[in-house]
Amino acid sequence: MVVVVPPPQFNNRELGGPSFTLNQPGGYSAEILLYGGQVISWKNARGEELLFVSEHADYEHPHPLRGGIPICFPKFFDYGCVEGNGFARTRDWVIDAELEDSDLPLLTADNAFIDLILNHMPDNFPNWRRHRFELRLRVILGPTGDLTMISRVKNVNTNGRAFSFNFSFHTYFSVSNINATQVDGLQSLVYLDYMTRNHRRCIEGDYPITIENEFDRGYLNAPNEIFVVDHEIRRTFTIHKDDRLPDIVVWNPWAIEARDTTDMGDEEYRKFICVEAAVVGSEITLCPGEKWTGTQRLSVHDWTDSDVLPDPGNIL
């Protein structure tokens, strides 16, 4: 039987501006804002929200929106400027009607998707020359609810200049209780400790990560499948990434930082964890005409007491 997938649904939102919703006949959905090219909702077949967006999020331009999946480009974690995580998340993207099919994998008819492009930057963005570039994004909602994001960066400079960049899918996973949440798959890896002045390199321990205080680390050369396990509601998120996103960042602000953050509620740190496929250990450099493409796919599995917990072989 041929599954009919509806086209993206346009929404003229009061908060955040125009967006598009991808829907699947099974009840799954995802919503993408044109502002920031940002996924702000991903729901399962029961309509349960899987991403965290703060109730105190600032939807006014040029503020970044707290939650969902912001895209960090061309910088990541730069305290030297206001836009320390780049400008992609604070710019208006447009529908990409000219994407060449050969640039991205072919899709089957049962996938709902949308293509966006950002090809302009602010005039005064610091420490990054006024380069000409194309940043493309394809968001795919699969028939079983998996959410795939494929980004492609192309250097279209005509002056012969190369440029370098970092990149991250800054994913806010919604969890029932940060104290009952673990991140599995990063054991024994080298990580950058972003809470130290020089981002000191350390080695992770031999057990899944639990969050008990402010946590901000970039894990280098991570496996391509990482698991976020919410023991309280028996849910496992899986991050599937490709080799061109070699790193994983894990962040939670904890109580003091949350209280000092104007677009986050004092207790909201308990309700999310950021685990993001990224390029942060080094920069990607592109010469004119060259392209870089990075892909992450998110899946979710709700398990019961009778399941073996949480065997990755059972949830992929």
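Start by selecting strand 3 and strand 4 of this predicted model. They form a hairpin with four residues between the strands, where G36 has a positive phi near 85°. Strand 3 covers residues 29-33, and its pairing with strand 4 is antiparallel, with five bridges. Two of the facing residues can be picked out: L33 is opposite Q38 of strand 4, and A30 has W42 of strand 4 as its bridge partner.

Next, add strand 2, residues 18-23. Strand 2 also pairs with strand 3 in the antiparallel sense, again over five bridges. T21 has E31 of strand 3 as its bridge partner. These two strands make a hairpin as well, with five residues between them, and G27 in the turn has a positive phi of about 105°.

Now show the side chains of strand 3. Which of them point one way, and which the other? S29, E31 and L33 point to one side, A30 and I32 to the other, and all are buried. In a regular strand, side chains alternate between the two faces of the sheet.

Widen the selection to the whole sheet. Four strands make up this open sheet, in the order 1-2-3-4, with antiparallel pairing. Strand 1 (9-12) and strand 4 (38-43) are at the edges with a single partner strand each, so one side of each has no neighbour in the sheet. From one strand to the next, the twist averages 25°.

Move on to the aromatic rings. The whole structure contains 19 aromatic pairs. Select W254 and Y269: their ring centres are 5.0 Å apart and their planes lie at 55°, so this pair counts as tilted. The two residues are 15 apart in the chain, with W254 in helix 1 (residues 254-259) and Y269 in the loop between helix 1 and strand 20 (272-286). Are W254 and Y269 buried or exposed? Both are buried.

For a group of rings, select F73, F87, F133, F163, F165, F167, F169 and W292, which ring pairs link into a cluster.

The last stop is the second largest pocket, which holds about 220 Å³ of space. Select P105, I140, T148, I150 and T295, the residues nearest its centre among the 16 that line it. Which elements give two or more residues to this lining? They are strand 9 (147-155) and strand 21 (291-302). Strand 21 gives the largest share, three residues. Coloured by class, the lining shows six nonpolar, six polar and four charged residues.

Methods:
Residues are numbered from 1 along each chain as its sequence is written. This is a predicted model: local features need pLDDT of at least 70, side-chain atom pairs count only at pLDDT 80 or more; totals for chains, interfaces and linings use all residues. Side-chain values use heavy atoms; hydrogens and water are left out. Two strands pair if DSSP finds at least two bridges between them. Axes are lines fitted to C-alpha atoms, for helices over the stretch in contact, and angles run from 0 to 180 degrees between N-to-C directions. Rings of Phe, Tyr and Trp (its six-membered ring) pair if their centres lie within 6.5 Å; planes under 30 degrees apart count as stacked, over 60 as edge-to-face and the rest as tilted. Buried means under 20% relative accessible area, exposed over 50%, partly exposed in between (1.4 Å probe, protein chains only). On a 1 Å grid over the protein atoms alone, a cavity is a set of points where a 1.4 Å probe fits but cannot get out, and a pocket is an open set with protein on both sides within 12 Å along at least five of seven lines; lining residues have an atom within 4 Å of a point. Grid points are joined across faces, edges and corners, and a volume is the space filled by probe spheres set on the points. Ala, Val, Leu, Ile, Met, Phe, Trp, Tyr, Cys and Pro count as nonpolar, Asp, Glu, Lys and Arg as charged, and the others, Gly among them, as polar.
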